[in-house]
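Biologist: I am new to this structure and would like a close look at a single part of it. Please define each term when it comes up, and then place the part within the whole.

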Protein chains: 2
Amino acid sequence: MILRHLLLPDILDLVESGRLNDVREFLAVQPAPEITELLTALEDKDRVLLFRLLPRHLADEVFSLLEPPFQNLLLKNMAQEEVRQVLSGLSPDDRTALFEELPARVTKGLLGLLDDRDRKQTLTLLSYPEGSVGRLMTDRYVTVEPTWTAAQALEHLRRVGTDSETMTMTYIVDGKGRLTDDLRLRKIILAPAETRIADLLDGHYASLRSYQDREEAIQVFRKYDLYALPVVDADGILLGIVTVDDILDVAEEEATEDFHKLATVSPLQVSFKDASLGLLFRKRIVWLLGLVVVNIFTGTGIAMFEDTIQAVVALVIFLPLLIGSGGNAGSQASTLVVRAIATGDIGSGDWWRLFFREIGVSAAMGLAMAIAVFCIAWFRGGALLALAVALSMFAVVVVGSLLGTVLPMVLNKLKLDPATASAPVIASMADIFGILIYFSIATAVLRL
Amino acid sequence: MILRHLLLPDILDLVESGRLNDVREFLAVQPAPEITELLTALEDKDRVLLFRLLPRHLADEVFSLLEPPFQNLLLKNMAQEEVRQVLSGLSPDDRTALFEELPARVTKGLLGLLDDRDRKQTLTLLSYPEGSVGRLMTDRYVTVEPTWTAAQALEHLRRVGTDSETMTMTYIVDGKGRLTDDLRLRKIILAPAETRIADLLDGHYASLRSYQDREEAIQVFRKYDLYALPVVDADGILLGIVTVDDILDVAEEEATEDFHKLATVSPLQVSFKDASLGLLFRKRIVWLLGLVVVNIFTGTGIAMFEDTIQAVVALVIFLPLLIGSGGNAGSQASTLVVRAIATGDIGSGDWWRLFFREIGVSAAMGLAMAIAVFCIAWFRGGALLALAVALSMFAVVVVGSLLGTVLPMVLNKLKLDPATASAPVIASMADIFGILIYFSIATAVLRL
């Protein structure tokens with residue numbers, strides 16, 4: 001079956017006409033990801049209704065695939081016993097993801113419904129900082145003993161494997177719980193039955209630290225091309241594993257967050273599609289108003305040169321072009337640097353080299369831009385005006401580019417988010433410099 | 001061993017002092033990803049030297065982990081027989097990735113070194129459009145027969161598995177090669193030995209199409225949480241599989257490309273760190289110069305209002321603030337929409353609703369911004385100026401936001417890249433509208 005597309009109107013028709021048994025039978029044989037997609041597209045009321053019609057095992061799987069806001073909505077409409085069942089059916093990493101989205105008082109109530117072991121585990125995972133690898137962990141992995149044979153290991157996997165999240169990799173720990181090696185399942189399968197596990201080990205393994213930033217984990221996964229990585233604490237004790245499907249989600253979410261930040265939109269938490277008008281307003285107005293403050297300085301800069309403007313009004317014609325170009329060159333630079341920091345492409349060791357390279361790039365761009373506007377300005381206002389505009393263009397492109405390069409690096413050095421050096425912020429700062437540069441040069445060149 | 005960090009200076013010392021045997025012994029026991037990282041950090045000359053010191057199997061693995069530009073450099077420095085060996089050691093998807101980065105004449109020469117089967121396969125993969133799922137395919141998957149028992153299937157996996165890229169999933173095809181189902185390896189392992197494969201099947205599977213955009217594949221992987229997905233043609237014939245490690249790379253690369261596009265930087269092809277000054281200049285100057293053309297219209301707009309400016313020079317003070325705010329609101333909107341289209345969050349069915357929501361959001365933001373600047377402008381130039389500035393602010397924020405929302409949607413509808421509606425493009429367009437709106441309103445309100 002190729003991605004069967006459930007027919008939303010058909011289902012809703014069945015629901016409308018009360019043929020719930022038909023709906024139940026239809027849903028029972030659908031794959032969980034398709035049902036999840038269907039539920040996401042429904043109205044709240046219908047979502048709760050359809051979820052109730054799912055058989056137990058399917059309900060658990062669908063619930064774990066839903067995004068936290070939808071999970072939360074379903075929980076609100078369930079009886080306590082239902083909530084208990086659904087929560088205990090979640091894997092530890094999914095449960096953590098749900099709980100971190102919920103208000104503290106709701107989390108507290110839900111924790112009380114878990115059995116002792118699950119509650120303790122959930123509290124442990126939630127104790128790791130937000131955005132850390134610890135929060136992505138699950139304990140559903142399998143360890144094998146070096147003294148076993150391949151056949152014994154396979155037998156062990158058959159016994160315990162049903163509950164493990166991934167079986168592509170097994171792990172070896174010493175008596176103290178310290179991770180000592182990893183072993184691919186395929187190696188166990190491909191080895192002759194009597195081979196000792198110890199003989200399959202190579203002493204090499206890659207791992208993550210529980211307190212590590214989850215963005216770094218993306219790069220570790222990319223480097224090793226693995227489906228799961230073990231997580232250890234500072235003493236090397238194996239705490240859990242992180243699987244690549246969660247990392248793919250993290251990569252997409254972190255990129256989306258950085259996209260939004262670079263456009264001065266505070267992280268939405270929900271999808272753009274589902275964001276309410278009020279939420280979007282709040283997440284966007286903050287920086288817009290903040291940048292008004294920066295622009296007051298721009299206005300003050302212009303006010304200083306009112307006489308110059310009065311004398312040669314034609315100067316104003318090139319003002320948007322100049323400050324716009326400085327802002328554009330700056331956005332290019334800051335976006336390149338912010339993204340390269342986020343993907344681990346550049347580190348603090350590269351900064352001086354990148355700074356000097358940017359001087360070269362921006363000088364070349366400034367020159368090209370200066371030549372372009374010189375021709376335009378000559379046509380409009382003669383040689384002197386053209387000279388003033390061209391000189392200013394060179395200066396604003398260089399200043400904008402260097403601002404865009406340096407600011408994210410400085411923010412990163414100060415352990416602040418480099419993405420705060422967003423295009424609009426750089427552009428606003430470049431505006432101030434641009435205006436001062438332009439009118440100063442114009443005043444000098446035109447002898448005003 | 002926790003991510004052993006190879007000591008670069010130590011290795012270089014050994015190389016300098018000619019103790020190549022020590023280097024060879026040291027490298028032979030290191031994991032391939034670490035050696036790859038080391039080689040990437042070296043000078044070209046040392047990279048070739050160290051690669052030559054690697055034992056055969058390690059050389060193959062390291063080569064496949066290197067980025068195409070580094071692979072190309074190594075190939076240039078190899079004898080024909082070495083090249084032949086390295087190329088035949090690459091998996092089909094890695095070979096395609098290398099070939100698509102190389103100039104056509106180099107590719108042609110390299111194709112001649114492959115054996116018939118590999119050459120044919122490589123040509124087939126390269127015949128899929130760039131950016132399509134087909135280019136990511138590998139044929140290293142395993143199929144099982146429904147008539148087998150679990151034990152027979154495991155035995156089959158033991159025989160053919162060494163060469164397969166992933167064994168987490170096996171596939172079932174009919175007599176014509178059409179994919180009919182998938183089956184997790186764990187199900188085979190966990191099943192009693194005598195279970196028939198047919199009894200483990202559920203008739204549900206997810207698949208990709210070979211001509212599908214690779215960006216869509218990211219979303220399919222996220223939906224199904226699988227480590228590998230089968231790829232079929234229009235008739236459902238199984239052509240190969242795509243693995244999640246490649247998809248994670250695609251997700252990071254596509255996001256980086258969109259980041260750059262949204263800042264009007266043309267795709268770099270190489271990493272920002274390794275980009276040359278000349279390359280960065282070329283990739284950045286095109287749009288900067290292009291936007292100068294747009295800004296000529298802005299200048300023309302201002303020229304139309306020279307008399308107004310001459311009469312009230314104070315109007316210029318608010319010009320950067322107004323066009324800046326329109327641009328910022330527009331960047332926010334376009335970035336939100338572009339990213340939501342890229343992640344599949346919104347589709348064409350959502351557009352009218354999103355458009356009307358944006359009218360609401362932008363009106364609210366415009367109102368808040370208008371109130372803010374009204375106070376500032378009153379202080380600087382009295383009530384009438386304040387009224388003109390506030391009305392203009394409302395208008396430019398709404399116009400900028402709607403431009404930023406509509407343009408990416410229209411581009412997407414026209415099958416063009418929505419990311420072309422980048423922040424600087426929207427800002428430049430918003431500038432033109434902003435200037436016309438501002439000076440028109442000012443002329444009317446101040447009765448100039």
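Modeller: I begin with burial, counted on C-beta atoms placed from the backbone: a residue is buried if 20 or more other C-beta atoms lie within 10 Å of its own, exposed if 12 or fewer, and partly exposed in between. A nonpolar core is then a set of buried Ala, Val, Leu, Ile, Met, Phe, Trp, Tyr and Cys residues joined through C-beta atoms within 7 Å. This is a predicted model, in which local features need pLDDT of at least 70 and side-chain atom pairs count only at pLDDT 80 or more, while totals for chains, interfaces and linings use all residues. Residues are numbered from 1 along each chain as its sequence is written, and chains are lettered from A and ligands numbered from 1 in the order in which they are written.

The largest nonpolar core has 222 residues, and the members that touch the most others are A:Val242, A:Val373, B:Val242 and B:Val373. In soluble globular proteins, nonpolar side chains tend to be buried together.

The part to look at is the sheet of chain A. Helices (H or I, at least four residues) and strands (E, at least two) are DSSP runs numbered from the N terminus, and two strands pair if DSSP finds at least two bridges between them. In chain A, three strands make an open sheet with mixed pairing, in the order S3-S4-S5. Strand S3 (208-209) and strand S5 (238-243) of chain A are the edge strands, each with a single partner, so one side of each has no neighbour in the sheet.

Strands of a sheet pair through backbone hydrogen bonds, either parallel or antiparallel. Both senses occur here. S3(A) and S4(A) run parallel and are joined by two bridges; A:Arg209 has A:Val232 as its bridge partner in S4(A). Strand S4 (residues 228-232) of chain A pairs with S5(A) in the antiparallel sense, over five bridges. Along that pairing, A:Ala228 is opposite A:Thr243 in S5(A), and A:Val231 has A:Gly240 as its bridge partner in S5(A).

S4(A) and S5(A) also form a hairpin, with five residues between them. In its turn, A:Gly236 has a positive phi of about 85°. On the other side of S4 in sequence, A:Asp225 sits in the loop between helix H14 (214-224) and S4 of chain A. A:Asp225 too has a positive phi, about 50°, although it is not a glycine. It counts as partly exposed because it has 18 C-beta neighbours inside 10 Å.

S4(A) itself is mostly covered, with five of its five residues buried. In a regular strand the side chains alternate between the two faces of the sheet. In S4(A) both faces are covered: one side has A:Ala228, A:Pro230 and A:Val232, the other has A:Leu229 and A:Val231, and all are buried.

Two more terms are needed for the packing. Two residues are in contact if their C-beta atoms, placed from the backbone, lie within 7 Å. Axes are lines fitted to C-alpha atoms, for helices over the stretch in contact, and angles run from 0 to 180 degrees between N-to-C directions. Helix H15 (residues 244-262) of chain A packs on the sheet, where it touches S4 and S5 of chain A, and its direction makes about 65° with that of S5(A).

Chain B has a sheet described in the same order: three strands, S3-S4-S5, open, with mixed pairing. S3(B) pairs with strand S4 (residues 228-232) of chain B in the parallel sense over two bridges, and B:Leu208 is opposite B:Val231 in S4(B). Helix H15 (residues 244-262) of chain B lies across S4 and S5 of chain B at about 65° to S5(B). B:Asp225 is in the loop between helix H14 (214-224) and S4 of chain B, with a positive phi near 50°.

Now the whole. Copies are superposed by least squares on the C-alpha atoms of residues with pLDDT of at least 70 in both. Chain B is superposed on chain A by a rotation of 180° with 0.1 Å of shift along its axis, at an RMSD of 0.2 Å. The two copies are thus related as by a two-fold rotation axis. The copies meet through the same surface, because 100% of the interface residues of chain B are also interface residues in chain A. One contact between the chains involves a core residue named above: B:Val373 is in contact with A:Val292, and also with B:Leu321, B:Val389, B:Ala390 and B:Met393, leaving aside its neighbours within four places in sequence.
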